[in-house]
Amino acid sequence: MISSNDFRPGVSIVLDGSVWRVVEFLHVKPGKGSAFVRTKLKSVQTGSVVEKTFRAGETVPQATLEKRTMQHTYKEGDEFVFMDMETYEENRLSAAQIGDRVKYLKEGMEANVVRWGEQVLEVELPNSVALEVVETDPGVKGDTATGGTKPAVLETGATVMVPLFISQGERIKIDTRDDKYLGRE
């Protein structure tokens with residue numbers, strides 16, 4: 001159990017049978033009446049955001065999350081097979097469990113798998129990945145770094161916007177959080 005007075009951004013709590021992460025909190029002590037804590041909570045499973053008010057000192061169950069480093073070994077059908085780096089056990093996750101960052105997942109890549117009990121909540125990929133450009137329009141002489149962007153298909157099937165001078169076969173770095181081109185590798 002955790003007191004509402006101990007809320008901080010990033011703290012995970014259990015409400016109505018699901019896990020919520022505190023995004024913002026504000027401890028309010030009005031001149032009249034008792035103090036309260038106004039919070040903004042984000043659901044770890046669905047990503048929805050709600051605002052909820054707690055009485056000061058109210059206790060709620062704290063979610064015990066387990067984060068394990070796993071390696072994506074291969075894809076079998078619609079499932080992605082991950083190997084635990086400590087116990088060498090295999091776990092199968094669907095694309096829905098991994099989320100929209102599945103487009104950057106490559107065989108041999110390590111990721112952090114966050115679990116609550118036996119339920120997988122999220123898969124955290126590295127903040128940036130280096131991938132090869134498989135398909136893009138050819139660069140033309142005179143294209144500059146600040147000129148514009150064009151779409152490029154990467155080896156994992158993801159499509160990102162890259163500068164005009166990037167050509168097919170190059171390895172580029174991509175920010176997995178906001179799908180942005182970071183530079184050549």
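This report covers a salt-bridge network around Arg 68 and the surroundings of Val 11 in a predicted model.

## Salt bridges

Side chains of opposite charge can pair when their charged atoms come close. In this model the count of salt bridges comes to 11. Among them are pairs that join Glu 66, Arg 68, Asp 84 and Glu 86 in a network.

## The network around Arg 68

Arg 68 forms a salt bridge with Asp 84, with N and O 2.7 Å apart. This pair links distant parts of the chain: Asp 84 belongs to strand β8 (residues 79-84) and Arg 68 to strand β7 (residues 65-76), and the two residues are 16 apart.

A salt bridge also connects Arg 68 and Glu 86, whose closest N and O atoms lie 3.2 Å apart. Here too distant parts of the chain are linked, as Glu 86 sits in the loop between β8 and β9 (90-94) and Arg 68 in strand β7, 18 residues away. Glu 66 meets Arg 68 in a further salt bridge, at 3.3 Å from N to O.

## Exposure of the network residues

Which class of exposure does each member of the network have? Asp 84 has a relative accessibility of 6% and counts as buried, because the limit for that class is under 20%. Arg 68, at 21%, counts as partly exposed. Glu 66 is partly exposed as well, with a relative accessible area of 36%.

Glu 86 has a relative accessible area of 63%, so this residue is classed as exposed, the cut-off being over 50%. The network of Glu 66, Arg 68, Asp 84 and Glu 86 therefore includes a buried residue, Asp 84, and an exposed one, Glu 86.

## Val 11 and its contacts

Val 11 lies in the loop between β1 (2-3) and β2 (12-15). Is this loop residue buried or exposed? Val 11 is buried, because its relative accessible area is 15%, and buried means under 20%.

What does Val 11 touch, leaving aside residues up to four places away in sequence? The contacts are Ile 2, Asp 6, Trp 20, Arg 21, Val 22 and Gln 62. Val 23 is 12 residues from Val 11 in sequence, and the C-alpha atoms of these two residues are 8.3 Å apart in space.

Conventions. Residues are numbered from 1 along each chain as its sequence is written. This is a predicted model: local features need pLDDT of at least 70, side-chain atom pairs count only at pLDDT 80 or more; totals for chains, interfaces and linings use all residues. Side-chain values use heavy atoms; hydrogens and water are left out. A salt bridge is a side-chain nitrogen of Lys or Arg within 4 Å of a carboxyl oxygen of Asp or Glu. Buried means under 20% relative accessible area, exposed over 50%, partly exposed in between (1.4 Å probe, protein chains only). Helices (H or I, at least four residues) and strands (E, at least two) are DSSP runs, numbered from the N terminus. Contact means heavy atoms within 4.5 Å.
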